[in-house]
2 protein chains.
Amino acid sequence: MPTLDAAMAEVAAEIDRRFDALLAVPDDARATLYQAMRHAAIGGGKRLRPLLVYATADLFGVDRDCAGRAATAIEAIHVYSLIHDDLPAMDNDDLRRGKPTVHKAFDEATAVLAGDCLHALAFDILADPRTHADPAIRAELVLDLARAAGPSGMAGGQMMDLAAEHARFDLDGVTRLQQMKTGALISAAVEAGAILGRAPAAARTGLRGYARDLGLAFQIADDLLDIEGDEALAGKKLRKDGEAGKETFLSLLGVDRGREQCAMLVAQAIEHLHGFGDDADLLRATARYVVERDH
Amino acid sequence: MPTLDAAMAEVAAEIDRRFDALLAVPDDARATLYQAMRHAAIGGGKRLRPLLVYATADLFGVDRDCAGRAATAIEAIHVYSLIHDDLPAMDNDDLRRGKPTVHKAFDEATAVLAGDCLHALAFDILADPRTHADPAIRAELVLDLARAAGPSGMAGGQMMDLAAEHARFDLDGVTRLQQMKTGALISAAVEAGAILGRAPAAARTGLRGYARDLGLAFQIADDLLDIEGDEALAGKKLRKDGEAGKETFLSLLGVDRGREQCAMLVAQAIEHLHGFGDDADLLRATARYVVERDH
C-alpha cells in the first residue's frame, strides 16, 4: 500500500487531470462558464471524497478508470456545493482554497450557472456507459449520489445550517444537520466504491459505519480547525460560526470533550473495518488523517 | 384521443399531485426549503414538457406511472431552472406564473437551495427502480436529462443568453443558443417517452426531428408573445430582451418573417410524425398549440 501522502497526491493529480479533460474550454459564448468551472474544480482541495472512492473501490479490485469517473462525479457535486455556498446570499465568502471564490473572480450569475453545470455533469458522468458496463451499477451510483446531494442530504443540511443562525440546535440537532450537510456526501463516496465493487452485504454494513463515523469526526475536526486554525493555511475565512451565533459540536461540547469525541469517532470508524485485512489500511490512514490534519 | 385541452388539464393535475406527494413538508428546519419548492413547483405553468413525455410514451403503450415519474423529473429540472434564472444576479424577475418569484416570496439563499434540491430530486426520481424495472432504461433516462440540463444543454444556453447582452449573435448563433436553452429540455422530454417505450430507431429519428422543430417554434412563439403579449396573462414581466439589447429571432427576422418561420417549423414538426398514425394526434395538436397559445 502507498503511504497516505502518496495516495493523496496521486488522487489529487488524477482528479485535476480528469477535470482538465472534462472542462476543455469551448470556443463560443460559454467560454467564461467553463473557465469558472475550471477555476473552482482544478488545483485545490484535499480531494477527500475522491480518495474515499478510490480506497474503497481498491478493496474490491475495481477498474481504476471506473473508480476515477465516480470519484470525479462526487467531487463535482462537492465543488458545485462550495460555489453555491460561497455566494453572497449564502455564506458570502471571498476566499476558497486560497483563491477568490467564483463569484468574486467572475460574477454571481456565472457562479450560479457554473454550480448548476457541475451538478448536472456529475450525473452525466455516472450514467455514461464508460463509468461501468452494467447499467444497474450506473443507476445505483446515480441514486446514491442524488440522494446524498438533495433535500435529504447535502442541500437539506445546508438549509438547516442557514436556519441554525436563528434557531437553537441541541446536540442531536447539530449531529443530524452535519450528517446531512457533510456526512451524506462522504458516505456517498464510500458507497460508490462499494457499489462499483459489488460489495457483499456484510462489507457494505462495515463501510457504512466507517463512513458515518468518519463524517462526524471530520466535522468536529473542521470545527476545531475553525477555532484554532490558520486562515492562510485553510485558504478560507475561519471563525464564522461563532460570529453568526451558530451552535456547533464545540459550542455544545466544549473544545476538550469535542477533541475526545473526535478521537473516539475515528477509533470507531476504524473498528468498523475489522472485517477487512491490510488492504483497508488506506481507509484506516484516511480516518487518522482527518483528526491530525492542520487544514 | 382526448382533446388537447383535456390532456393538458389532466397532465397539469397529475404533475401537481406528484409534486404534492414528493414535496411533503418535513417537521424540521428544512420546512421553509420544502415550502419554497412547493411554491415554485405546484399550481402553475403549461406543463408542456410533461405533456410531451406522456404523449410520446403513449405512442408505445408505456405504463402511465413510469411516464408520470419521468415527466415529473423533467419538470423538476425546468422549475429549478426558472428559480435560478429569476434570481437577482440572473434575470432579476419578481413575478413568475403570476406569483412572486421564490427569492421574493422567501429569500435568495432559499431560492438557490430550492433550485439545487429540485435538480438533485430529478435524478433521484429517474434512477429509482419505481421509474422502470430495467436499470438500462433508468440509466439512459438519467443520461438524456443530465446532458439536456448541463453545459451542452439548458445551463450552457443560459450562459450564452447572459453573454448575448454584450455580444452580437447572428441568426445561427441565436438558433444554437435557443436550441440549448429551451430546445434541449423539450427534446429530452420527447426522448424520455421514446426511451421508456424502447422506440425503434426510425421512430426515434422522427421524434427527434419533431422535438427539434417544436423547440424552435416554441421559442419564436415565445418571442412573439414577449412583444405582443399581455403581462397579466403571461404572469411574468415581458419585453425584457429588447430592453437588454439582446438579439432574438424577431430582432433578426422581423415579426412577419418570424411568424412565418414559426408556422413553417410547426408544419415541419408535424411532418416528422408522418410514420405515426392517429395515436400521434396529441403530439400534432401540441405542436399547433405552441403557435396558437396566447400565453
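**View 1. The lining of the largest cavity, in chain B of this predicted model.** Four elements of chain B, namely α2 (31–41), α4 (64–85), β2 (99–100) and α5 (102–105), each put at least two residues into this lining. The largest share belongs to α4(B), which supplies three residues. The cavity itself has a volume of about 150 Å³. In total 16 residues line the space, and those closest to its centre are B:H39, B:A40, B:D86, B:R96 and B:V102. Sorted by character, the lining has seven nonpolar, five polar and four charged residues. If you go looking for others, the count of cavities of 30 Å³ or more comes to three.

**View 2. The second largest cavity, lined by residues of chain A.** Here the enclosed space is about 100 Å³. Around it you'll find A:H39, A:A40, A:V79, A:L82, A:I83 and A:D86, along with A:R96, A:R97, A:K99, A:P100, A:T101 and A:V102. Three elements of chain A give two or more residues each: α2 (31–41), α4 (64–85) and β2 (99–100). Of these, α4(A) gives the most, with three residues. The mix of residues here is six nonpolar, two polar and four charged.

**View 3. Where α7 of chain A meets α7 of chain B.** This close-up takes in residues 135–149 of both chains, whose helix axes come within 8 Å and cross at roughly 50°. An angle like that makes α7(A) oblique to α7(B). As for its hand, the crossing of α7(A) and α7(B) is left-handed. On the α7(A) side, the touching residues are A:P135, A:A136, A:R138, A:A139 and A:V142, and on the α7(B) side they are B:P135, B:A136, B:R138, B:A139 and B:V142. Eight of the residues in this contact are nonpolar and two are charged, with no polar ones.

**View 4. Helices α10 and α14 side by side in chain A.** Look for α10 at residues 201–228 and α14 at residues 255–271. Their axes come within 8 Å and cross at roughly 150°. Since angles over 145 degrees count as roughly antiparallel, α10(A) is roughly antiparallel to α14(A). This crossing is left-handed. From α10(A), the contact uses A:Y210, A:D213, A:L214, A:L216, A:A217, A:I220, A:A221, A:L224, A:I227 and A:E228. From α14(A) come A:V255, A:G258, A:R259, A:Q261, A:C262, A:L265, A:V266, A:Q268 and A:A269. Tallied by type, that gives 13 nonpolar, three polar and three charged residues.

**View 5. Helices α3 and α15 packed in chain A.** The last close-up pairs α3, residues 48–59, with α15, residues 281–292. The two pack at an angle of about 155°, and their axes lie 9 Å apart. So α3(A) and α15(A) are roughly antiparallel to each other. Helix α3(A) brings A:L48, A:L51, A:L52, A:A55, A:T56 and A:L59 to the contact, while α15(A) brings A:L282, A:L283, A:T286 and A:V290. You won't spot a charged residue in this contact: eight are nonpolar and two are polar.

Definitions and conventions:
Residues numbered from 1 in each chain as written. Chains lettered and ligands numbered in written order. Predicted model: local features only at pLDDT ≥ 70, side-chain atom pairs only at ≥ 80, totals over all residues. Heavy atoms only, no water. Axes fitted to C-alpha atoms, helices over the stretch in contact; angles between N-to-C directions. Parallel < 35°, antiparallel > 145°, perpendicular 65-115°, else oblique. Left-handed = near helix turned anticlockwise from the far one by under 90°. Contact = heavy atoms within 4.5 Å. Nonpolar A, V, L, I, M, F, W, Y, C, P; charged D, E, K, R; others polar. 1 Å grid on protein atoms, 1.4 Å probe; cavity = no way out; pocket = protein on both sides within 12 Å on 5 of 7 lines; lining within 4 Å. Points joined across faces, edges and corners; volume = space filled by probe spheres on them.
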